[in-house]
Amino acid sequence: MTETPYHKWICDACGYIYDEAKGDADGGLPPGTRYEDMPEDWQCPLCGLRKLDLRPLPDAPAVAASPPAAPESTAVDRHGGRRFGSAEHLVIVGAGIAGWSVAEAVRRRDPNLPILLVTACEGAVYAKPSLSTALAHGRAPADLVEASAEQRAAELGIEALTRTRVIKIDPAKRRLITARGGITYARLVLALGARQRQLDVAGDAAAAVLRVNDLRSYRDLRQRLDGDRRHITLLGAGLIGCELADDLCAAGHRVSIVDPNQRPLAALLPADIAELLRARFDAKGVEWRLGQTLARVDHADSALRATLADGSTFATDLVLSAAGLLPITEPAARAGIAVGHGIIADRRLRTSLPDVYALGDCAEVEGRCFSYIEPIRRQAEAIAADMAGEHVPFQPRPPLVRVKTPSLPISVCNGRVAADADPTDWRCVSDDADGARLEHTGTEPAFVLTGSYARLGTELYRSHFG
Amino acid sequence: MSAAIQIPKSTAASHAFAAAQSADELVAATRAIVEHELAPQTARIDTEGLYPKAVMHSLGAAGAFRAHLPDARADGCHDFGAAIRAMAAVSQECLSTGFATWCQDTCAWYLQVGEAQARERWLEPLASGRVLGGTGMSNTMKAFSGIEDLRLSGERVDGGYLVNGSLPWVSNLGADHVFGSLFTLSGDTNRTVMALVDCSAPGFTLRQSAHFVALEGTRTFACLFDNVFIPDANVIDHDGAAFLQRARAGLVLLQFGMGAGNIQGCIDVCRSVEPLLGHVNQFLDDRPDELQQELDDIVDAVLTLAETPYETSKDFFREILQLRLAAGELALRASQSAMLHTGAKGYLSSAPAQRKLRESYFVAIVTPATKHLRKELARMEAEGASA
């Protein structure tokens with residue numbers, strides 16, 4: 001005769017093990033009491049739950065096949081504490097072109113200064129303008145990354161703390177507060193960047209409107225494009241909107257552009273050049289919805305339905321917003337740093353607080369934000385110079401903007417003047433089949449180059465500004 | 001069927017007081033109750049499992065459970081920071097009472113972010129502390145992290161749900177208490193419902209079992225559901241998953257009141273022996289000034305995040321969990337330091353240091369526990385890396 005072996009049972013809630021061989025002396029069950037023979041009102045001696053909360057004890061321990069590496073492991077000191085930086089550290093907040101440029105410029109002057117770069121994103125080094133042209137060049141988002149934060153930090157001999165948002169700046173203690181711990185600084189550089197303006201759009205798909213302003217959101221866009229031919233609605237016919245539209249068209253997508261202005265790049269180009277760009281886009285099948293705003297976007301079947309302010313509707317697969325940039329200033333403002341449109345900085349990029357600098361998209365110098373690559377690099381140099389005790393201040397100049405629209409390449413210097421200029425203010429240096437070269441006759445230098453002349457932009461810019 | 005609980009009448013005095021109260025005034029009022037009513041009982045709460053019922057009612061009357069609830073405030077605003085600071089003042093003295101405060105605050109928070117019917121009926125009684133309540137959401141939080149299965153299931157019947165199952169270890173309960181919990185809908189395991197459970201409902205049993213090393217005065221029971229009818233009027237939200245999305249940040253944010261209070265209590269213990277033992281304690285790690293800086297960093301961050309408790313983004317919740325993990329780990333270091341700083345004095349069975357040591361483990365193991373947080377953060381980091 002064979003005995004059925006005794007089984008073990010585990011309480012689901014607290015882990016108490018009931019062994020049939022041993023019984024439960026406190027609960028009045030003698031050794032050898034089978035599960036079936038336990039009274040229904042039996043109570044778990046540890047947590048008070050019931051017989052029906054017991055389940056057979058599994059043989060194998062409950063571990064994952066390959067346990068993941070513990071997170072946060074790099075973020076502890078010898079006490080297991082969470083302390084970063086020091087009273088000697090330069091701490092840079094932000095890992096865009098501005099943040100990395102400061103790290104490079106300071107390191108060139110001082111090989112030993114301890115530098116910590118802290119960023120809410122993954123910190124990858126990439127050329128942000130390339131987000132507008134990647135599709136046509138057949139580049140995947142991963143191809144745009146020149147180096148990971150860890151690689152670039154190692155090259156520069158600095159520390160990087162990624163995926164760490166600065167929750168608060170405490171200037172009195174010279175300390176940054178993050179969810180990973182406090183960061184002590186001697187000097188602080190704010191390279192917080194800008195966020196895409198959020199348009200007020202109603203409808204049940206309003207949350208699905210994409211705003212592309214960094215690698216992460218661009219990845220999201222590319223995932224949604226998903227290799228298919230799509231219809232994309234672009235909100236905003238500014239620089240980013242036009243560049244993305246041209247790139248999306250080149251990749252075979254259909255594009256509608258919604259903008260409250262009557263022409264594209266209304267704040268940057270003279271009217272006739274803008275009209276020429278518009279005509280080139282027409283030829284590529286771009287559908288213009290000018291003088292319009294998007295009122296609402298709703299889910300409809302497998303796609304979306306866009307409704308404009310005038311009540312007209314159309315079907316679309318994806319709504320992409322490129323409605324301009326707003327400097328990120330809140331952490332600075334809360335710390336008592338003077339803020340206007342951006343964080344107010346002088347030509348040395350010093351803010352209103354000692355040893356706190358700001359540059360790039362988040363900063364405002366003499367009333368203007370300089371959000372293009374060339375001035376950001378010069379701002380980074382000015383900061384490094386000031387820290388080294390040199391007097392090489394940033395020179396605010398009208399920006400040179402390259403509009404990366406292969407349908408009509410354009411370089412424009414001093415877009416504010418160019419957009420408002422009267423046709424009679426222009427001297428037409430060349431205008432032929434290859435493009436046009438227009439120079440402004442006023443006191444402030446401004447020029448527009450199109451087609452093959454666009455390549456002359458840097459040369460001409462240097463001739464004006466040295 | 002209607003709930004058997006009689007809701008006590010509100011007193012005009014407590015209302016008027018709450019309307020004009022600033023965060024600092026609330027903390028001062030809480031400290032006064034802690035000093036005069038709670039402190040004399042702390043040792044008995046710890047060793048005898050005395051439930052500080054009168055203290056809880058006093059705290060409620062002082063406005064300690066109201067600060068984070070817009071619909072229970074005259075100004076319609078929320079001040080999670082004030083609620084956290086008041087809870088910290090309680091926890092600094094006694095974590096049992098601090099935990100009961102968290103249970104109360106969180107139960108009321110569920111009603112704040114739930115549907116109107118239950119909120120209109122239950123928010124004010126809970127905010128005022130006239131009705132005491134708990135939260136049976138540990139199982140829910142673990143289930144949503146894939147650590148265990150949901151233990152309650154409900155069946156739709158006329159006018160409400162019949163709920164069956166069991167929950168171990170729900171706190172701040174009693175025959176005349178309520179608590180928030182979540183059950184799956186039988187036949188549709190993808191759907192969950194969030195409801196307020198009335199401890200006096202027929203078929204519902206509270207059962208006390210084993211004893212804990214600390215937190216004994218928290219009225220912690222196993223909850224057995226045997227066809228318990230939950231009327232629609234007590235449904236907090238018919239969409240449990242969406243509810244948890246909205247409620248989770250506030251739920252975890254409030255827990256910092258317990259952690260910050262316990263850690264501050266440990267630092268105070270370290271400092272209290274400084275005049276006598278500073279000459280030798282200076283050789284120890286985790287000195288009070290170091291602990292204080294780390295605590296201040298956490299509190300600074302938490303009070304800033306607490307300004308936006310309705311934020312539901314993943315990055316925001318990740319930050320809350322990172323800080324929650326840090327608070328649990330710092331509590332363990334701080335209580336260990338309290339023991340080492342006080343030496344034999346702290347080892348006496350009457351010493352606050354050894355009580356705080358036992359209490360600090362609660363900060364690290366109450367849901368979301370250290371291991372749960374590490375699992376969740378590892379998942380989020382992996383998601384972020386592949387995103």
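**Close-ups of a two-chain predicted model**

At 2% relative accessibility, Asn414(A) counts as buried (buried means under 20% relative accessible area, exposed over 50% and partly exposed in between, with a 1.4 Å probe and protein chains only). This is a predicted model, where local features need pLDDT of at least 70, side-chain atom pairs count only at pLDDT 80 or more, and totals for chains, interfaces and linings use all residues. Residues are numbered from 1 along each chain as its sequence is written, chains are lettered from A and ligands numbered from 1 in the order in which they are written, and side-chain values use heavy atoms, with hydrogens and water left out.

**View 1. Asn414(A) sits in a loop between a strand and a helix.** The loop runs between β28 (410-413) and α8 (415-420) of chain A; helices (H or I, at least four residues) and strands (E, at least two) are DSSP runs, numbered from the N terminus. Who touches Asn414(A), if we skip its neighbours within four places in sequence? The contacts are Pro398(A), Pro399(A), Glu444(A), Pro445(A) and Ala446(A), where contact means heavy atoms within 4.5 Å. Take Glu444(A): it is 30 residues from Asn414(A) in sequence, yet the two C-alpha atoms are 8.3 Å apart in space.

**View 2. Thr162(A) is a buried loop residue.** Look for Thr162(A) between β9 (159-161) and β10 (166-170) of chain A. Its relative accessible area is 16%, so it goes down as buried. Setting aside residues up to four places away in sequence, Thr162(A) touches Thr119(A), Cys121(A), Glu122(A), Gly123(A), Ala149(A), Glu150(A) and Arg180(A).

**View 3. Ser101(A) belongs to a helix.** That helix is α1 of chain A, covering residues 97-109. Is Ser101(A) buried or exposed? With 4% relative accessibility, Ser101(A) counts as buried. Apart from neighbours within four places in sequence, Ser101(A) is in contact with Arg377(A) and Ala380(A).

**View 4. Leu265(A) has a positive phi, and it isn't a glycine.** The angle is about 50°. You'll find Leu265(A) in the loop between β17 (254-259) and α5 (271-283) of chain A. At 3% relative accessibility, this leucine is buried too.

**View 5. Asp286(B) also has a positive phi without being a glycine.** Here phi is about 50°. The loop holding Asp286(B) links α10 (274-281) and α11 (288-305) of chain B. Its relative accessible area is 10%, which puts Asp286(B) among the buried residues.

**View 6. A cis peptide bond joins Thr367(B) and Pro368(B).** Omega at this bond is about 0°. Where does Pro368(B) lie? Pro368(B) is in the loop between α14 (352-365) and α15 (370-386) of chain B.

**View 7. Chain A, seen whole, has nine helices and 31 strands.** Its radius of gyration is 30 Å, well over the 23 Å that the globule rule gives for 466 residues, so chain A is more spread out than a compact globule. (The radius is taken over C-alpha atoms, and the rule is 2.2 Å times the number of residues to the power 0.38.) Along the principal axes, the C-alpha atoms fill a box of roughly 110 × 60 × 35 Å. Chain A is divided into domain 1 (8-57), domain 2 (74-195 + 326-387), domain 3 (206-323) and domain 4 (409-465), with bounds from an automatic or database domain assignment. Taken over C-alpha atoms, the centres of domain 1 of chain A and domain 3 of chain A are 65 Å apart. Buried residues make up 51% of the 466 residues in chain A.

**View 8. Chain B, seen whole, has 15 helices and eight strands.** The radius of gyration of chain B is 20 Å, close to the 21 Å that the globule rule gives for 387 residues, so chain B is as compact as a globular protein of that length. Its C-alpha trace spans about 70 × 55 × 45 Å along the principal axes. How much of chain B is buried? Buried residues account for 60% of its 387 residues. Among contacts in chain B between residues at least 6 apart in sequence, 76% join residues at least 24 apart.
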